[in-house]
Amino acid sequence: MDEINDTSASGYIEPGFEGVGTSFSEIETLRTSEFNVLARAKRYGKWWMLKGLNPEVAESTVHRNMLRKEFEMLMALSYPGVVHVAALEEVSGLGICIVQEYVEGTTLDKWAEMHPTKSERRHIVMELLDAVAYIHSCGIAHRDLKPSNIMVTSNGGILKIIDFGLADSARDTILKQPAGTRKYMSPEQAITSEADVRNDIYSIGIILNDLIACRRYSSIIGRCLLPIGERFQRVSDLKEALLRADKRAGIFAKALTATLVSLAVLAIAAIGWPDVGGTAENDQHGTLDSLTADVTAAHANIDSIKTISSAKIESIQNTVNNTEKKLKSGIKEAAVRAQLVDTYIQKGLDLLELSWFQDLEHFEEASDKEAYVI
């Protein structure tokens with residue numbers, strides 16, 4: 001092919017090509033704290049996040065070493081749920097900086113204010129647990145897990161943990177100090193400089209309480225906040241507890257569905273009742289509505305369902321027996337159908353009870369079986 005007419009994108013791009021410079025440009029300071037400066041800058045045609053030191057501490061050996069320690073820990077991590085770091089280098093106007101990916105998105109607390117669905121919240125929680133479990137598997141404790149240090153990307157809603165400025169590991173022997181953010185910091189973390197992954201589990205408990213607090217997870221969240229020896233010892237244990245709670249809820253939903261099916265059998269049978277007068281028909285429909293409400297409210301208690309159903313059937317039969325004599329033939333037929341309904345109910349309840357006993361066999365733990373029966 002004639003080189004002059006070659007329009008392919010192959011070949012090298014000159015350093016001065018527009019938008020793909022090797023130096024940082026369009027540097028924009030985003031936030032300045034007591035010790036650090038965060039800035040956004042463009043290089044190689046994409047945005048990067050730069051984390052440097054506040055000019056007031058830029059010459060401090062301690063703070064420079066802290067920045068290097070954070071960089072070295074991030075370099076040891078490679079996971080979609082953890083911010084990616086590229087380099088530690090001198091940047092004009094900012095000094096020594098950690099160069100890391102720029103996460104386009106919002107912090108977890110701001111994301112929660114956007115009213116995500118229960119399913120979306122649960123998905124983010126699982127991503128958080130997986131990311132923290134990976135960090136712990138690398139021998140690192142984050143020690144500052146909080147919503148402002150957790151990002152949710154705009155593209156795809158992917159969770160990323162950022163800011164490892166207070167992270168530590170057992171293998172490091174320098175810059176040991178108590179650290180954290182008061183609301184999310186475990187009690188022992190405020191008085192000890194030793195890194196412990198169970199500190200992060202406490203922080204996760206506070207985050208879960210803000211994000212997915214409900215009766216189903218209350219005991220699990222509570223265990224995260226117990227004294228260090230009594231809380232979950234590993235993130236995998238916490239995740240397993242959440243999955244078991246979800247499984248229990250799924251079985252309860254199945255039981256409720258079976259109860260409603262039994263009620264549907266009653267409704268179908270009731271459709272065939274003859275017209276034995278306006279009063280009798282209204283009484284029957286009113287009784288059926290009352291039965292529906294009672295059965296729904298008592299879906300988790302088989303004995304209660306049987307008692308209520310029997311009482312309502314007896315009430316229907318009494319109504320039929322008190323109808324005028326001229327409807328005697330219709331009354332007899334209604335009585336036969338009422339007896340048929342009673343048979344359907346008993347069969348439905350027997351099938352439901354059998355299904356529940358079969359469900360109990362899926363639980364390995366006695367505590368889970370007890371919770372299901374209650």
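E26 lies in strand β1, which covers residues 25–32. The model is a predicted one. E26 has a positive phi of about 50°, although it is not a glycine. Its relative accessibility is 49%, so E26 counts as partly exposed.

Y44 also deserves a look. Its phi is positive too, at about 55°, and Y44 is not a glycine either. Y44 is found in the loop between β2 (36–43) and β3 (46–53). With a relative accessible area of 45%, Y44 is partly exposed.

**Around the β2–β3 loop**

R43 lies in strand β2. Is R43 buried or exposed? At 11% relative accessibility, R43 counts as buried, because the cut-off for buried is under 20%. R43 touches G21, T22, S23, F24, W48, E89 and V99, not counting residues up to four places away in sequence. One of these partners is S23. The C-alpha atoms of R43 and S23 are separated by 6.0 Å, and the two residues are 20 apart along the chain.

W48, another partner of R43, also takes part in a charge-over-ring arrangement. The charged end of K46 sits over the ring of W48, 4.6 Å from its centre. The charged end of R40 sits over the ring of W47, 3.8 Å from its centre.

**Helix α3 and the tyrosine stack**

How many aromatic pairs does the structure hold? It holds one. The partners are Y79 and Y134: their ring centres are 4.8 Å apart and their planes meet at 15°, so the pair is stacked. The cut-off for stacked is under 30 degrees. Y79 lies in the loop between α1 (61–75) and β4 (85–91), while Y134 lies in helix α3, so the pair ties together parts that are 55 residues apart in sequence. Y79 is partly exposed, with a relative accessible area of 30%.

A131 is in helix α3 as well. At 0% relative accessibility, A131 counts as buried. Leaving out residues up to four places away in sequence, A131 touches Y79, G81, L159 and I161. Y79 thus appears twice: as a ring partner of Y134 and as a contact of A131. A131 and K160 are 29 residues apart along the chain, and their C-alpha atoms are separated by 7.9 Å.

**Helix α3 against helix α4**

How do these helices pack, and at what angle? Helix α3 (residues 118–137) and helix α4 (residues 197–211) pack at about 170°, with their axes 12 Å apart. That angle makes α3 roughly antiparallel to α4. On the α3 side, the contact is made by R121, I124, V125, L128, L129, V132 and H136. On the α4 side, V197, D200, I204, I207, L208, D210 and L211 make the contact. The residues of this contact divide into 10 nonpolar, one polar and three charged.

**F232 and its surroundings**

F232 is found in the loop between α5 (218–224) and α6 (235–271). Although this residue sits in a loop, F232 counts as buried, at 4% relative accessibility. Setting aside neighbours within four places in sequence, F232 is in contact with R198, I201, I220, R223, C224, D237, L238 and A241. One of them, I201, is 31 residues from F232 in sequence and 7.1 Å away in space, C-alpha to C-alpha.

**Selected residues side by side**

| Residue | Location | Relative accessibility | Class |
|---|---|---|---|
| E26 | strand β1 | 49% | partly exposed |
| R43 | strand β2 | 11% | buried |
| Y44 | loop between β2 and β3 | 45% | partly exposed |
| Y79 | loop between α1 and β4 | 30% | partly exposed |
| A131 | helix α3 | 0% | buried |
| F232 | loop between α5 and α6 | 4% | buried |

**The whole chain**

The secondary structure of the protein chain comes to 10 helices and 10 strands. Of its 374 residues, 40% count as buried. Among contacts between residues at least 6 apart in sequence, 60% join residues at least 24 apart. The tyrosine pair joins parts that are 55 residues apart in sequence.

Note on methods. Residues numbered from 1 in each chain as written. Predicted model: local features only at pLDDT ≥ 70, side-chain atom pairs only at ≥ 80, totals over all residues. Heavy atoms only, no water. Axes fitted to C-alpha atoms, helices over the stretch in contact; angles between N-to-C directions. Helix = DSSP H or I, 4+ residues; strand = E, 2+ residues; numbered from the N terminus. Parallel < 35°, antiparallel > 145°, perpendicular 65-115°, else oblique. Contact = heavy atoms within 4.5 Å. Nonpolar A, V, L, I, M, F, W, Y, C, P; charged D, E, K, R; others polar. Phe/Tyr/Trp six-rings, centres within 6.5 Å; stacked < 30°, edge-to-face > 60°. Buried < 20%, exposed > 50% of the residue type's maximum accessible area, 1.4 Å probe, protein only. Lys NZ or Arg CZ within 6 Å of the ring centre and 35° of its normal.
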